[in-house]
Amino acid sequence: MIPPPIRHGMTVLNRELFRREISVIGVRIPTSLTAKFLKVLNKELLNQPKLRNVVNDPESNLSKIILMNLNVQSLDLANLSSEAKDFINKEGLGVVKHSIELKYDYWGVDDIIKAILPEGSESPSSFTQVGHIAHVNLRDEFLPWKYMIGQVILDKIPNILTVVNKTDVIDSTYRFFKMEVLAGENNMIAEVKESNCRFRFDFSQVYWNSRLHTEHDRLVKMFKKGDYICDVFAGVGPFAIPTAKKGCIVYANDLNPMSYKYLLENISLNKVNNKIHPYNLDGRDFIKKAVKDLGKNLNALDQTKMTKPMDTVTNTLAEFRTFNHFIMNLPATAIEFLDAFKGLYKDKESLIKNSRVDLPMIHCYCFTKSETPDTEMIERINSIITYSMQVDEYKIHFVRKVAPNKDMFCVSFRLSKEVAFLTTGRYVT
């Protein structure tokens with residue numbers, strides 16, 4: 001692409017300074033021979049993005065002008081092949097000079113930003129789109145130009161109405177970033193479609209990452225209709241809502257009051273009120289309460305249906321079940337919550353065996369932070385999952401690269417009997 005004028009040192013975006021006039025050589029041809037000329041001169045044409053190879057002839061309605069590539073700068077058609085010259089001299093109506101004016105609208109985000117930033121700088125134009133919001137994460141070196149960068153993105157990207165920049169690390173308790181508006185409307189209420197579901201939330205108050213779409217779908221595909229799913233750190237529902245739409249019963253929780261608010265809104269928005277039990281608790285408290293509530297809810301349902309006889313030995317309903325899966329999507333600290341599974345099904349061992357119920361699968365997300373993340377990850381997982389959780393087999397799934405030395409993984413394993421029933425002294429503390 002033809003580069004824009006260099007404007008290093010610009011402190012306020014002036015679109016009028018991004019104008020450039022280029023002169024090209026054109027061949028005047030009969031309109032009726034346009035297709036023939038385009039075929040023969042295919043490799044000799046202007047062929048520049050957003051520019052036409054054929055333009056109207058200002059001197060006649062019966063002819064067109066075909067524009068040659070930028071290497072052809074003289075009327076004698078230097079740099080053209082002899083075959084092309086012969087064809088033009090035989091079939092053409094003459095050679096002319098043609099001017100093209102390029103304006104700010106011609107160039108893309110990267111082109112304009114590179115022209116503004118100091119020479120040699122990389123363009124920090126990558127962003128994540130969340131509804132009408134473009135979310136950038138600018139390094140300190142680019143902060144002097146942050147408002148211009150935001151304005152260029154706003155100008156160039158369709159459907160973007162707001163550009164924001166992360167100003168701090170993620171809040172470890174409520175999982176949201178502090179942000180500032182760089183350009184556009186100060187409207188942080190985003191609406192997103194994902195996995196055939198609709199989500200609405202305040203992007204400045206909750207955690208949402210559109211780059212996890214594939215991971216959400218991957219895990220949901222594992223679940224079967226009728227499964228019971230426990231989503232410990234549910235956010236606004238990117239796992240919980242699609243899972244409920246699949247026909248699962250979901251117990252979903254988030255400590256952040258704003259996430260809980262929008263989780264409730266998204267449950268109603270997607271019409272899955274009868275499939276999701278929402279909570280606003282600490283993760284450890286929720287894991288224990290969800291297990292108790294599942295038992296109570298199943299007993300109440302069975303008593304209503306009057307189809308399950310009471311077990312005279314245990315004085316409980318004969319049917320018992322566990323959650324099929326626990327989702328723990330809080331990569332920074334999820335592993336620290338595994339102690340909540342210690343003795344989670346204590347005194348329920350006979351019920352689980354009699355009901356032939358499997359203990360749940362746990363899907364725990366984590367980060368690695370080192371120059372050798374694979375080694376660190378394996379050592380950490382072996383220490384916590386194998387030793388503390390007494391798990392012999394587990395699967396590690398790479399989710400995405402978060403930073404040059406930071407990766408996100410999902411570790412999946414079945415809760416061990418030793419930890420669930422507290423039959424040994426070794427467990428996560």
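The paragraphs below lead through a predicted model of one protein, from its overall make-up to a pocket, a covered helix, its cysteines and a few individual residues.

The protein contains 11 helices and 19 strands, and of its 429 residues 48% are buried. Contacts reach far along the sequence: where two touching residues lie at least 6 apart in sequence, 68% of such contacts join residues at least 24 apart. Confidence in the prediction averages a pLDDT of 89, with 90% of the residues scoring at least 70. Over residues 306-318, however, the pLDDT is below 50, and this stretch makes 17 contacts in the model beyond its near neighbours in sequence.

The second largest pocket has a volume of about 580 Å³, and 28 residues line it, with Met361, Glu393, Phe413, Arg414 and Leu415 lying nearest its centre. Two or more lining residues come from each of helix 5 (213-222), helix 9 (349-354), strand 17 (361-369), strand 18 (395-403), strand 19 (406-414) and helix 11 (417-420). Strand 19 gives the most to this lining, namely four residues. Sorted by class, the lining of the second largest pocket holds 12 nonpolar, six polar and 10 charged residues.

Helix 4, which spans residues 146-156, is mostly covered, since eight of its 11 residues fall under the 20% relative accessible area that counts as buried. These buried residues are Lys146, Met148, Ile149, Gly150, Val152, Ile153, Leu154 and Lys156, a list in which two lysines appear beside residues such as Ile149 and Leu154. The cover over the buried residues of helix 4 includes helix 3 (109-116) and strand 6 (133-136), together with strand 7 (162-166) and strand 8 (179-184).

The cysteines come next. A disulfide is a covalent bond between the sulfur atoms of two cysteines. In this model the count comes to zero disulfides. Why does Cys364 not form a bond with Cys366? The sulfur of Cys364 has its closest cysteine sulfur in Cys366, but the two are 6.3 Å apart, which is too far for a bond because a disulfide needs the sulfur atoms within 2.5 Å. Cys364 counts as buried because its relative accessibility is 2%, and Cys248 is likewise classed as buried because its relative accessibility is 0%.

Some individual residues deserve a look at the backbone. Most residues other than glycine have a negative phi. Lys271, although not a glycine, has a positive phi of about 55°, and it is found in the loop between helix 7 (257-269) and strand 13 (276-279). Lys271 counts as exposed because its relative accessible area is 70%, above the 50% cut-off. Asp347 is not a glycine either, yet its phi is positive, at about 70°; this residue is found in the loop between strand 16 (325-328) and helix 9. With a relative accessible area of 68%, Asp347 is therefore also classed as exposed.

Helix 9, which follows that loop, includes Asn354. Is Asn354 buried or exposed? Its relative accessibility is 62%, so Asn354 counts as exposed. The C-alpha atoms of Asn354 and Phe320 are separated by 8.6 Å, although these residues are 34 residues apart along the chain.

Key:
Residues numbered from 1 in each chain as written. Predicted model: local features only at pLDDT ≥ 70, side-chain atom pairs only at ≥ 80, totals over all residues. Heavy atoms only, no water. 1 Å grid on protein atoms, 1.4 Å probe; cavity = no way out; pocket = protein on both sides within 12 Å on 5 of 7 lines; lining within 4 Å. Points joined across faces, edges and corners; volume = space filled by probe spheres on them. Nonpolar A, V, L, I, M, F, W, Y, C, P; charged D, E, K, R; others polar. pLDDT = per-residue confidence, 0-100. Contact = heavy atoms within 4.5 Å. Buried < 20%, exposed > 50% of the residue type's maximum accessible area, 1.4 Å probe, protein only.
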